[in-house]
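Here's a quick briefing to read alongside the model. Keep the structure open and click along as you go.

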Amino acid sequence: MFFSRITLEDKIGTEYEPYIYAALYSSKVMLTVCSSKENIESPWVRNEWSRFLTLRQNDAGKTLIPLYFDMPKSDLPDEFAILATQNMSKDDFEQELLRGIKKMIPLPIMLAARRKKLKKRLGISAAILVGVILVAGVVSFPYIKDYITYNADYQTAMQLYNEEKYGEAADAFAKLSDFKDSAEMQQESLNMGKYTAAMQLYYDGDYPQAAWAFRDMNGYKDSAEMQKKAELNWREKLATVATNNNLGSSSHGAYYISANGSVETFTYNPGDANSNISIDEHGKIVSIADNIALYALHEDGYVTNSKTNNGLDSDWENIIQITSRFNTTNAALTSEGKVIYGNTKNEINPDGTDSWLQATNEWDKIVSLSYDVERCGDGGMASAALVGLKSDGTVVSVFYGIQTNANSFIASLKNIKEISVNVEISSGTVSIVALDENGTLFTFADGAYDTYENLNIIDVETTDFYSNSDITLQFFILSNELTLSRLGSENTIIEDVVYMNKDFIVTRSGTIYTEYNLEGTAPTNTTVKTQIKDVWLDKS
């Protein structure tokens, strides 16, 4: 029995997930108690019962029983339609429920009877074996002695396997050579060791490493499916869900991803750059990026308009993150952890090669990108910066049109988990803010380094804006309590923030806000909503 109030009583929040997964994995029956459509569909609740249903696909012995009260059956999730639901308001509810569970899980007395019967059978078998050994012992005693020794070692190896000590089990099976199925069990132990390690990465929220680990398992168990899930979570974590599609002083509309996964235009700045984007065989839209025709990253990694915008032979596929700032450089992060870029022809790149990005060809194991560009009016790219965060927590970068000493700052960064880069509007100088695994914040601005400790923050962003004709650089920090503020200020800009980029905020309700970076001005409620992703909530 798993009951979170007791099972997780002495665990801290970061340790919950392995226990929850272990309960889902080992349990034969899950009871979902539904009192309202909103509760059963809430992200954390849906996350648990949907994972159990996924496990059920590969284990016919698992059963999910939806129980409901104070709500109509029609409000239950569509996934429950094929399941046997029970109305808790019926008089015989408890008896029917217990009767059904007893059919699936034998009572201890029944299990004891089965063990007794099995023990009796084993006793008879052992007596027969002893008789055979006595008759044949003179001739084959050395062979029997070896068999008994090997069999004991085999049982020890099996015990290690059952205890999930897969590394030790693999070594033990390897010593048994071709005894019974030792060779197969050695390989199975190795595979299970890799699989459980990959699952741990997944539930730790390390989606890039999990995706790569599952990929390297060549379809073992459900590793191919788990790779897709890890990559989708990775995409959602890095997604741009709203953007102002600006070209210098001109605007080509502002857009957001709606709660149903389509791309819509904000009423305050309508446009048609999303006119050919739709939910199709590639799934819903996860992320968007600026251009005359918006880039749209789908759930499966396909990028609509990447072919057209870059003059390529085909659209990009297997993409995790798209980053561009209107018709300049169009960089993308692949599921392999590599950076690819577009073929934009303009006065900066007359041959369409985006040569300043060629250094990224050597980058690998990149888990996220941060990108910013500034333009000279409508005349082209004036300066740009692209920063890549690697899986080992180090940082790599390339710059265009910028004279900066940021490279030494970047080289000093270690164990980084969040990073943001900004190119200042007029001077083309660069600012960087980075957060490491220990919660230490590092900033770079105007050539100066600063370090801040014990801020209890989970996300960072850097940008600049006009205020009274002056340009002000700001660093924004998101606390563990989901409150957004400027670095160095005690004033809360807005609460319940689960997502932010340079221009937009999303609160826990899914509501999108903009203009949060104007000094002394509250964020503007756009009155529209996007879908809240579990990976955003996991940060807190």
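Helices (H or I, at least four residues) and strands (E, at least two) are DSSP runs, numbered from the N terminus. By that rule, the protein chain comes out with 13 helices and 27 strands. Keep in mind that this is a predicted model: local features need pLDDT of at least 70, side-chain atom pairs count only at pLDDT 80 or more, and totals for chains, interfaces and linings use all residues. Residue numbers start from 1 along each chain as its sequence is written, and side-chain values use heavy atoms, with hydrogens and water left out.

**The chain as a whole**

- Of the 540 residues in the protein chain, 46% are buried (under 20% relative accessible area; exposed is over 50%, partly exposed in between, with a 1.4 Å probe and protein chains only).
- The protein chain exposes about 27,900 Å², and carbon and sulfur atoms supply 50% of that (accessible areas come from the Shrake-Rupley method with a 1.4 Å probe; for residues, only the protein chains shown count as cover).
- Take the contacts in the protein chain with a separation of 6 or more: residues 24 or more positions apart account for 46% of them. Contact here means heavy atoms within 4.5 Å.

**Three helices to look at**

- Helix 6 covers residues 108-162, and D153 sits in it.
- D153 counts as partly exposed because its relative accessibility is 40%.
- D153 and L176 are 23 residues apart in sequence, and their C-alpha atoms are 7.7 Å apart in space.
- Helix 8 has 22 residues and reaches 31 Å from first C-alpha to last, close to the 32 Å expected at 1.5 Å a residue (the expected span is 1.5 Å times one less than the number of residues).
- Buried residues in helix 8 include M185, M192, Y195, M199, Y202 and Y203.
- After helix 8 comes G205, with a positive phi near 85°.
- Helix 10 (residues 223-238) has 16 residues and reaches 23 Å from its first C-alpha to its last, against an expected 22 Å.
- The buried set in helix 10 includes charged-letter entries you can look up in the viewer, E231, R235 and E236, along with W234 and L238.

**Nonpolar cores**

- The largest nonpolar core has 116 residues, and those with the most contacts inside it are F80, L386, I419, V430, I432 and L484. A nonpolar core is a set of buried Ala, Val, Leu, Ile, Met, Phe, Trp, Tyr and Cys residues joined through side-chain atoms within 4.5 Å.
- Helix 8 gives the most to this core, with seven residues.
- Apart from it lies another core, of nine residues, among them V433, L435, L441 and I457.
- Leaving out residues up to four places away in sequence, V430 touches ten-odd neighbours you can pick out, including A385, F399, V421 and F444.
- T360 sits in the loop between strand 12 (339-341) and strand 13 (366-375), and it counts as buried because its relative accessibility is 0%.
- With residues up to four places away in sequence left out, T360 touches V339, Y341, L386 and V398.

**Strands 17, 18 and 19**

- Strand 17 (residues 430-436) and strand 18 run antiparallel and are joined by four bridges (two strands pair if DSSP finds at least two bridges between them).
- L435 has L441 in strand 18 as its bridge partner.
- Four residues separate strand 17 from strand 18 in a hairpin, and G439 in the turn has a positive phi of about 85°.
- Strand 18 (residues 441-445) is mostly covered, with four of its five residues buried.
- Strand 18 also pairs with strand 19 (residues 448-452), antiparallel, over five bridges.
- The hairpin of strand 18 and strand 19 has two residues between the strands, and D446 in the turn has a positive phi of about 55°.

**Two open sheets**

- One open sheet has three strands in the order 1-2-3, with parallel pairing, and its edge strands are strand 1 (29-34) and strand 3 (86-87).
- Y68 stands opposite N87 in strand 3.
- Another open sheet has three strands in the order 7-8-9, with antiparallel pairing.
- Strand 7 (285-289) and strand 9 (303-304) each have a single partner strand, so one side of each is left without a neighbour in the sheet.
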